[in-house]
Amino acid sequence: MQLFSQQQLKVTNSLSGKKEVFTPLKEGYVGMYVCGPTVYSNVHLGNCRTFMSFDMIFRYLKHLGYKVRYVRNITDAGHLENDADDGEDKIAKKAKLEQLEPMEVVQRYTVDFHETLQKLNLLPPSIEPTATGHIIEQIQIIEQILEKGFAYEQNGSVYFDVVKFNVSHDYGKLSGRKLEDMIANTRELTAQQEKKNPQDFALWKKAEPQHIMRWPSPWGDGFPGWHLECTAMSTKYLGEQFDIHGGGMDLKFPHHECEIAQAEASNNLSPVKYWLHANMLTLNGKKMSKSTGNNIYPSEIFSGENDILSKAFAPAVVRFFMMQAHYTSILDLSDTALLASEKGYHKLMEGIKCLSTLAPSDTSDFDVNAWKNKCYEAMNDDFNTPILIAHLFEAVRQINLIKDGKAKITVTNQLELQNSMNAFVFEVLGITAPEGNDTTSETLDGVLHLLIDLRNKARANKDFATSDNIRDKLEAMGIQLKDGKEGTTFSIN
Ligand SMILES: [Zn+2]
C-alpha cells in the first residue's frame, strides 16, 4: 500500500510508555476503538476534548491513506455511580430523578452528545454501538471467562477473579500498578463482601427488585458490569486483536486494565496493540468539577453565558484552541486563552483566504516542499498538532510577505501550498472557516441600510404605514431596528 507520507508514524503507547512506530496488524487497515460517553447528562467539555483528539487521529490516519474502522460506543447501561461495583446505575438514577424512562434519558443525552460534537465538527465514527444492544455478546464473554476459571458466581452476580488471573497474567500492566500494592492499600468494604478479593470486579450484577434496567441471564435477572461492554463491542467489530484503543487518561485504571484482563481471560490474546490516552482539560488552572462550580458546558462557550467568559466563542475557535495543545498534555481553558486562540484562528483564516489572491512570479522564495515535509514530520511524531500549527503560521507569514511584495511564489508552489493548507487545516485538524462568508454579510449590511433609509424617508413624509410595515416585516425575519440619537441601528437574531 502506498501511503500519502513516506515518513513513519509514531505513537505514544501507554502499554510501553514509549513512542513506537505504528504498524497496523493488517497492512493498510486500522481498527480503532474509543470509549464513548455515559449518556446520563449533557456532554462534558473535557470529554469533548478527548473525542476531538481521537477525531483528529481518525482524520489523520484517513488522510495518510489508511482504511479506518472507528468504533466509539455509547454507554447506556451498567455504569454505576461510583465507577466501582456498587451504587446506583447512573442512567437509572437520572431516570428516577426526572421521572423518565431510562431510555428517554439515554435518547435525550445521546442527541445532545451528537449535536455538540457536530458543532465542533467531529466526524461520526464508523460504528456507534450501545451497551444495551450487546447484552447477548456480554453474556457470552462471561461464560467464556467462567469456563476458563477466571470468574466465579456469587448470589446471582459474577465476579472476575483478579488474584487468580494475576498468577498467570499481569493485572496492572497498562496502569503500571502492582496487585500486591493494591491489596496492601485496600480496606475491606462491606458492600464488597460478595467478592473473594476487593480488587475483583463485576462482570454481571444481580438486579435487585427495584432495579429497572435488567436482562435475563444464566445467573438470573441482572445487568452487565461496565467494563464488559467495551470488550464485547470492540472484539465484535474489530476482532480479538485490533490496532488502537483510545480514551481519556482517567479510564486507564480500572476501566482499560479490566478490559485487558477480560479479553486475555476469555481468549488468551492481548486485545490491543497501541493504547492511546488523551489528557484532561482544566478550567482557570483547576480541575473541572460540577460540585465546586469550576465547570463550563460547551453550549455556554458557544453562547457566552458563563461568568468566566467575556464573550461567546464560535465552535471553530474552540476546536482551534484544543488543537493548539498536544493531546497527551493537560490543556487549560480560560477567557484569555480563548481570546488568544480567536485571534490566531482569524489570522490563519485570513492567510488561507489571501493565498488564492496572490500574484504569482517566475521564482519562489518559499520552499513549499520542505515546509510540507515539516508539517508531516510534526503529525507523524505522535500527532503533534501544536508544532503543525506553528508551521501553518510560518506559511501565513510567508503569504503576507508575498502579498506585500517582499517575497515571491510560483504558480505551482502557490497551488501546492493551497492544497496542503486546506488539507492540514480543514481535513486533518477539522477546523472550519467562519460561518457565512463575508460577501453575504456585506451585501446584507447594504440592503439593511437601504431599507433603514427608505423607512426614515417614509417617516419624514409621515407615511407611517410604510415605515411600520418595513419595521414589522424585518422583525418577523428576526431583524430588530433600534432608533437612537445616532440614527437607526439593527441587530440580527
Ligand atoms: Zn470503555
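1. Let's start with histidine 227. Is this residue buried or exposed in the predicted model? Histidine 227 counts as buried, because 24 C-beta neighbours lie inside 10 Å and the cut-off for a buried residue is 20 or more. You will find histidine 227 in helix α7, which covers residues 226-238. Leaving aside residues up to four places away in sequence, histidine 227 touches Phe201, His255, Cys258, Glu259 and Gln262. Try one long jump from here as well: aspartate 463 is 236 residues from histidine 227 in sequence, and their C-alpha atoms are 72 Å apart in space.

2. Now step back to the whole protein. The protein has 16 helices and 15 strands, and its C-alpha atoms fill a box of roughly 90 × 60 × 35 Å along the principal axes. Of the 493 residues, 40% are buried. Look also at contacts with a separation of 6 or more: 72% of them are between residues 24 or more positions apart.

3. How is the chain divided into domains? The domain assignment gives domain 1 as 10-278, domain 2 as 282-428 and domain 3 as 438-492. If you take the centres over C-alpha atoms, domain 2 and domain 3 are separated by 38 Å.

4. Valine 39 is a good residue to click on next. It sits in the loop between β3 (29-34) and α1 (45-64). Why does valine 39 count as buried? The reason is its surroundings: valine 39 is buried because 24 other C-beta atoms lie within 10 Å. Not counting residues up to four places away in sequence, valine 39 touches Ile74, Thr75, Asp76, Val106, Tyr109, Thr110 and Phe113. You can also compare its place with that of leucine 251: the two are 212 residues apart in sequence, while 16 Å lie between their C-alpha atoms.

5. Here is a backbone detail to look for. Which two residues does a cis peptide bond join? They are phenylalanine 253 and proline 254, and omega there is about 0°. Proline 254 lies in helix α8, residues 252-267.

6. Two neighbours in one loop deserve a look at their phi angles. Aspartate 382 has a positive phi of about 55° although it is not a glycine, and phenylalanine 383 likewise has a positive phi of about 55° without being a glycine. Aspartate 382 is placed in the loop between α12 (368-380) and α13 (385-403), and phenylalanine 383 also has its place in the loop between α12 and α13. Aspartate 382 counts as buried because it has 20 C-beta neighbours inside 10 Å. Phenylalanine 383 counts as buried too, with 26 C-beta neighbours inside 10 Å.

7. Helix α10 makes a nice exercise in burial. How many of its nine residues are buried? The count is nine of nine, and the helix is mostly covered. Among these buried residues are Pro315, Arg319, Met322 and Met323. And what covers them? The cover includes α1, α3 (102-119), α9 (298-303), β13 (331-333), α11 and α13.

8. Let's see how α10 meets one of those partners. Two packed helices are described by the angle between their axes and the distance between the axes. The axes of α10 (residues 315-323) and α11 come within 9 Å and cross at roughly 100°, which means that α10 is roughly perpendicular to α11. From α10, Ala316, Val317, Phe320 and Phe321 take part, and they meet Ala337, Leu338, Ser341, Glu342, Gly344 and Tyr345 of α11. By class, the contact of α10 with α11 has seven nonpolar residues, two polar and one charged.

9. Helix α11 has a second pairing to explore, with α14. The axes of α11 (residues 335-355) and α14 (residues 411-428) come within 10 Å and cross at roughly 150°, so α11 is roughly antiparallel to α14. The crossing of α11 past α14 is left-handed. On the α11 side, Leu348, Ile352 and Leu355 make the contact, and on the α14 side Leu417, Gln418, Met421 and Val425 do. This contact of α11 with α14 divides into six nonpolar residues, one polar and no charged ones.

Terms used
Residues are numbered from 1 along each chain as its sequence is written. This is a predicted model: local features need pLDDT of at least 70, side-chain atom pairs count only at pLDDT 80 or more; totals for chains, interfaces and linings use all residues. Axes are lines fitted to C-alpha atoms, for helices over the stretch in contact, and angles run from 0 to 180 degrees between N-to-C directions. Helices (H or I, at least four residues) and strands (E, at least two) are DSSP runs, numbered from the N terminus. Angles under 35 degrees count as roughly parallel, over 145 as roughly antiparallel, 65 to 115 as roughly perpendicular and the rest as oblique. A crossing is left-handed if the near helix is turned anticlockwise from the far one by less than a right angle, and right-handed if clockwise. Two residues are in contact if their C-beta atoms, placed from the backbone, lie within 7 Å. Ala, Val, Leu, Ile, Met, Phe, Trp, Tyr, Cys and Pro count as nonpolar, Asp, Glu, Lys and Arg as charged, and the others, Gly among them, as polar. Domain bounds come from an automatic or database domain assignment. A residue is buried if 20 or more other C-beta atoms lie within 10 Å of its own, exposed if 12 or fewer, and partly exposed in between; C-beta atoms are placed from the backbone.
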